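Colleague: Could you take me through one part of this model in detail? I would like a close look at how the protein meets one of the DNA strands.

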Number of protein chains: 2
Amino acid sequence: MTTELETRIRDAGLRVTGQRLAVLEALEGFPHADADAVNRRVQASLPGFSLQATYVVLNALTGAGLLRRIEPAGSPARYERRVDDNHHHVVCTGCGAVEDVDCVHGAAPCLAPSSTGGFTISTAEVTFWGLCPDCQARSQHPITDTQAE
Amino acid sequence: MTTELETRIRDAGLRVTGQRLAVLEALEGFPHADADAVNRRVQASLPGFSLQATYVVLNALTGAGLLRRIEPAGSPARYERRVDDNHHHVVCTGCGAVEDVDCVHGAAPCLAPSSTGGFTISTAEVTFWGLCPDCQARSQHPITDTQAE
DNA sequence: CTGATATTTATGAATCATTCATAAATAGCC
DNA sequence: GGCTATTTATGAATGATTCATAAATATCAG
């Protein structure tokens with residue numbers, strides 16, 4: 001039995017391994033996880049899977065186009081399965097939570113900066129910064145709130 | 001004699017020191033420099049100015065709003081004097097060169113994502129990725145080109 | 001199915017960017 | 001000119017990530 005995921009890995013020119021399958025599966029239900037979070041998730045099924053090995057796998061999958069890596073300022077790199085569309089991200093300035101944001105503009109106006117100084121633009125990356133619902137609530141009820149340490 | 005720069009530092013609530021003046025002056029003519037580049041530039045006038053001290057000064061100035069820090073994926077943090085407008089950046093995927101880009105959209109459409117998942121958006125950061133003129137030239141003449149190591 | 005080989009993983013050390021702790025120096029006020 | 005809080009200097013520490021090398025394994029040829 002060859003799964004959809006196995007085919008996808010092979011089609012990307014990579015060998016199919018348990019580690020790669022496990023990493024992709026971990027990110028399926030847990031987008032925007034960093035290497036450490038991916039590692040801890042995968043360890044459930046592959047005890048002894050080290051953080052360094054996680055980086056090797058994440059880099060291979062990212063290089064093959066099976067994962068997308070985002071690097072918001074101030075947080076370690078995060079990875080996601082959603083690679084085939086041009087979406088952006090909101091990052092919470094309070095807790096670092098990340099969510100996807102579909103660009104509202106059909107014509108991708110963000111791809112047309114005014115002056116590019118001679119640069120040939122290939123992609124535009126938009127990061128929105130703000131407060132997630134949880135952090136909004138926290139900032140409105142600072143007294144009754146018990147903040148986790 | 002009190003210079004413009006000294007006033008600006010004092011008005012930001014900071015004490016005026018030679019290190020802070022030197023860092024601001026270094027970034028005046030050399031925007032988007034990273035900590036190491038700033039340090040090397042300042043050492044010309046302040047021999048013995050360490051990288052760690054550079055970080056302390058950069059953080060103080062950034063915290064006081066006198067500098068803006070940008071952190072493009074894959075490169076160390078960079079600093080610039082231009083803090084009072086909402087401009088964006090182009091980063092060269094070949095060599096990492098950074099240039100300013102004024103947002104072409106008067107109404108800042110990038111600040112209005114379609115769905116924010118409950119987030120309250122405060123700022124939008126746009127990073128354009130592409131090839132700088134030098135790297136374009138290099139990729140068109142790969143044979144005759146001598147690449148620096 | 002079996003072996004050969006290139007790819008992948010595991011492990012520990014190394015690197016890079018940055019921060020922290022503490023002691024010495026100094027800016028700005030009295 | 002001295003006092004004190006702020007700032008700087010120094011060395012060590014941290015966090016994220018990569019590197020080097022050896023062991024394991026996926027895939028292919030026969």
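Modeller: Happy to; here is a walk around DNA strand C, followed by a short look at a sheet in chain B. Please keep in mind that this is a predicted model.

Let's begin with the residues around the strand. There are 21 residues around DNA strand C, and those that come nearest are A:T17, A:R20, B:R10, B:R15 and B:Y55. By class, this surface has 10 nonpolar, seven polar and four charged residues. Helix 2 (18–28) and helix 4 (51–63) of chain A each supply at least two residues of it, and so does helix 4 (51–63) of chain B.

Now for the DNA side. Of the atoms of DNA strand C within 4 Å of the protein, 74% belong to sugar or phosphate, while the rest belong to bases. A few individual contacts fill in the picture. In A:T17, a side-chain N or O atom is 2.7 Å from a phosphate oxygen of DNA strand C. In chain B, the backbone takes part: an N or O atom of the B:V16 backbone lies 2.9 Å from a phosphate oxygen of the strand, and a backbone N or O atom of B:A77 lies 3.0 Å from a phosphate oxygen.

Finally, the sheet. Chain B has an open sheet of three strands in the order 1-3-2, with antiparallel pairing. Its edge strands, strand 1 (33–34) and strand 2 (68–70), each pair on one side only. Strand 2 is joined to strand 3 (residues 78–80) by three bridges, and B:I70 has B:R78 in strand 3 as its bridge partner.

Methods. Residues numbered from 1 in each chain as written. Chains lettered and ligands numbered in written order. Predicted model: local features only at pLDDT ≥ 70, side-chain atom pairs only at ≥ 80, totals over all residues. Heavy atoms only, no water. Pairing = 2+ DSSP bridges. Helix = DSSP H or I, 4+ residues; strand = E, 2+ residues; numbered from the N terminus. Near = heavy atom within 4 Å. Polar contact = N/O pair within 3.5 Å; in protein donor to acceptor, adjacent residues only side chain to side chain. Nonpolar A, V, L, I, M, F, W, Y, C, P; charged D, E, K, R; others polar.
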